Amino acid sequence: MFLACLLALVGTVYPAGAEQLVAAISGQVAADDPHEARTGADFQYYDHIFDTLVTRDGFDVTPRLARSWSSQDHKVWSFQIDPAARFSDNRPVTSRDVVYSLCRYQALTRHMGREMLGLTRLTAETGGRVTITLEAPYRLLPSALSLVFIVAAPDGAGEGPLGCDAARVQDTRGSPQQGSGPYIPVPATAGILREQRVLAPSPHCWRDCTVWTRVVLWSAPDARDRLRLLVTGQADIMEDVIPVHLPYITRMKGVTLTELPTDRTLVLTFNLRPTLPDGRPNPAADIRVRQAIALTLDRHVLVERGLEGFAGPAWQLAQPGMEGYLPDRPQTMQPDPARGRALLAEAGFANGLDLPLLLPMTRITDRPRVADALAGMLRAIGITLTITPVPAAESRARVAAGDFQMMFAGLGLTAGSAMEGYAAVAGAAEKDSISNPSGYRNALLDNLLSQARGAEPAAIPGLTRQATAILDTDLPMIPLMHIRDLVAHRAGLSLHARDTARAFGRIASPAVADAGGTTITGP
């Protein structure tokens, strides 16, 4: 009824004007520092302001700040910085800036309890060359660096083997940083809404320079609000179209639907700590409870009822074409609620069980209809779900405190590697983070993940099979579905996406031959 009334009132999308680009995005920027970016909205925002050494082209990496890179052993890497690169104040981007940024990133992620890159030495050399030495070989380091933003090194950053003073870095957390991206942030004023992040062109843009005089990222977690912004002409782009809106959007004049590449998987994850913060026993820590849930799931029904078929059932993290995808893994399973009820009874819950389910409000995890479908399935075995949407920042705080039992988690396989995905959702480096909130740790799995970082591609399928077997047994998480990414936008735009960062100010331009994405309909 909401949609019918909206379309009857408006009928036509009115262009927001070529001078600015407004994107209605589904997530909220939660990180106040580029080196603590975690959510899709965080990366969308900061990718406008900062460059990375490399960027993604599908699951390959291509130059950005670095015009070339090499390694003989995957442990010592060399990157050559493009001499044309400039920060927004026209200072050149130097090897010292890169060293400082990598050092700062590692210092802040360690402070957050994570260890992603394993840097042991960083050297800024003359001629714009950076040498990176790792604790252990890491074959996919360039892909990992596509998520690390480069900032200008301040005076007095400190020294040391990694090129910065970790204590001084902590003092700069959340403070403004100079970037080399095509935009600079516009300070909040009376004319900017709380839900908006506004960007202006960098005065010294050196690449990906924009045709837009202003870019607005308008956070609207509710898809109805995003649609309203598009229909009323307040937004040019609506991110994350939900399937129920497709019949209405296809009737709108001047609107095009484009499917963009995605590496995202929706995962059901559990808190495996034996007790909750209030001292009560944690039912989800019992493997029999998790097995009962796994036996009751019907992924095909979740996809059909939750997203009206606009997703793919996920029986593993990797998708076809990704490294470590297991083609012989079963693609269906007959639910067994009788066995699920028996397992719950063995665990001491013969009379049923109440479980809360957190839905962090991010691009991947804010899926209330999927949660409703899941709740309907679990009622068949006596589990009652209480579904609680929470802002992304609150979900991170609750994960850190162990204050949850079940939650939806989202994962993007940036490097297109199953083992990289397992490292994120179940590895020790991400333990108790928003991607691995369970508190799970398994020494055998960590050993396999460590081997995979330096292994040649031919060894990856075998390592993936072993890791998958461990996770099938322990069930710290259950893959649910591979998300498809559909964007609605006014027909006067083209989207040129080659990765999943969704920096719309970089990838959107006035209509020309589309270089990326697939237009699936257009009135």
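# Helix packing and a handful of loop residues

Asp208 sits in the loop that links strand S11 (196-201) to S12. Keep in mind that this is a predicted model. Below you'll find three helix pairs, one well-covered helix, and a few single residues with their surroundings.

**Two aspartates with positive phi**

- Asp208 isn't a glycine, yet its phi is positive, near 55°.
- Asp208 counts as partly exposed because its relative accessibility is 31%, which falls between the 20% and 50% cut-offs.
- Asp240 also has a positive phi, about 55°, and again the residue is not a glycine.
- You'll find Asp240 in the loop between strand S13 (237-238) and helix H7 (246-249).
- Asp240 has a relative accessible area of just 7%, so it is buried.

**H14 and its partner H15**

- Helix H14 (residues 443-454) and helix H15 (residues 460-474) cross at roughly 160°, and their axes come within 10 Å.
- That angle makes H14 roughly antiparallel to H15, because it is over the 145 degrees needed for that label.
- The crossing of H14 past H15 is left-handed.
- On the H14 side, the contact uses Leu444, Leu445, Leu448, Gln451 and Ala452; on the H15 side, the residues are Ile460, Leu463, Gln466, Ala467, Ile470 and Leu471.
- Sorted by class, the H14 and H15 contact has 9 nonpolar residues, 2 polar and no charged.

**H14 and its partner H13**

- Helix H13 (residues 418-426) packs with H14 too: their axes come within 10 Å and cross at roughly 140°.
- This makes H13 oblique to H14, since the angle isn't over the 145 degrees that would count as roughly antiparallel.
- H13 passes H14 in a crossing that is left-handed.
- Met419, Tyr422, Ala423 and Ala426 are the H13 residues in the contact, and they meet Leu445, Leu448, Leu449 and Ala452 in H14.
- The H13 and H14 contact has 8 nonpolar residues, with no polar and no charged ones.
- Leu445, Leu448 and Ala452 of H14 turn up in the contact with H15 and in the contact with H13.

**H9 against H11**

- Helix H9 (residues 299-307) packs on helix H11 (residues 368-379) at an angle of about 135°, and the axes are 8 Å apart.
- At that angle, H9 is oblique to H11.
- The H9 and H11 crossing is right-handed.
- From H9, the contact residues are Val301, Leu302, Arg305, Gly306 and Leu307, and they meet Arg369, Val370, Ala373, Leu374 and Met377 from H11.
- The class split for H9 with H11 is 7 nonpolar, 1 polar and 2 charged residues.

**H2, a mostly covered helix**

- Helix H2 (residues 40-49) has 9 of its 10 residues buried.
- The buried set in H2 includes Asp42, Gln44, Asp47 and His48, along with Ala41, Phe43, Tyr45, Tyr46 and Ile49.

**Gln20 in strand S1**

- Gln20 belongs to strand S1 (residues 20-25).
- With a relative accessibility of 16%, Gln20 counts as buried, because the cut-off is under 20%.
- The Gln20 side chain makes a polar contact with the Arg214 side chain, at 3.2 Å.
- Beyond its neighbours within four places in sequence, Gln20 is in contact with Trp212, Thr213, Arg214, Val216 and Asp236.

**Loop residues Leu272 and Pro221**

- Leu272 is in the loop between strand S15 (264-270) and helix H8 (287-296).
- Leu272 counts as buried at 19% relative accessibility, since the limit is under 20%.
- From C-alpha to C-alpha, Leu272 and Pro283 are 8.8 Å apart in space and 11 residues apart in sequence.
- Setting aside neighbours within four places in sequence, the contacts of Leu272 are Asn282, Ala284, Ala285, Arg290, Ser438, Tyr440 and Pro476.
- Pro221 lies in another loop, the one between strand S12 (214-219) and helix H6 (223-231).
- Pro221 and Thr362 are 141 residues apart in sequence, but their C-alpha atoms are 7.7 Å apart in space.
- Again leaving out neighbours within four places in sequence, Pro221 is in contact with Ile25, Ser26, Gln28, Arg226, Met361 and Asp366.

Notes: Residues are numbered from 1 along each chain as its sequence is written. This is a predicted model: local features need pLDDT of at least 70, side-chain atom pairs count only at pLDDT 80 or more; totals for chains, interfaces and linings use all residues. Side-chain values use heavy atoms; hydrogens and water are left out. Axes are lines fitted to C-alpha atoms, for helices over the stretch in contact, and angles run from 0 to 180 degrees between N-to-C directions. Helices (H or I, at least four residues) and strands (E, at least two) are DSSP runs, numbered from the N terminus. Angles under 35 degrees count as roughly parallel, over 145 as roughly antiparallel, 65 to 115 as roughly perpendicular and the rest as oblique. A crossing is left-handed if the near helix is turned anticlockwise from the far one by less than a right angle, and right-handed if clockwise. Contact means heavy atoms within 4.5 Å. Ala, Val, Leu, Ile, Met, Phe, Trp, Tyr, Cys and Pro count as nonpolar, Asp, Glu, Lys and Arg as charged, and the others, Gly among them, as polar. Buried means under 20% relative accessible area, exposed over 50%, partly exposed in between (1.4 Å probe, protein chains only). A polar contact is a pair of N or O atoms within 3.5 Å; within protein, one must be able to donate a hydrogen and the other to accept it, and residues adjacent in sequence count only if both atoms are side-chain atoms.
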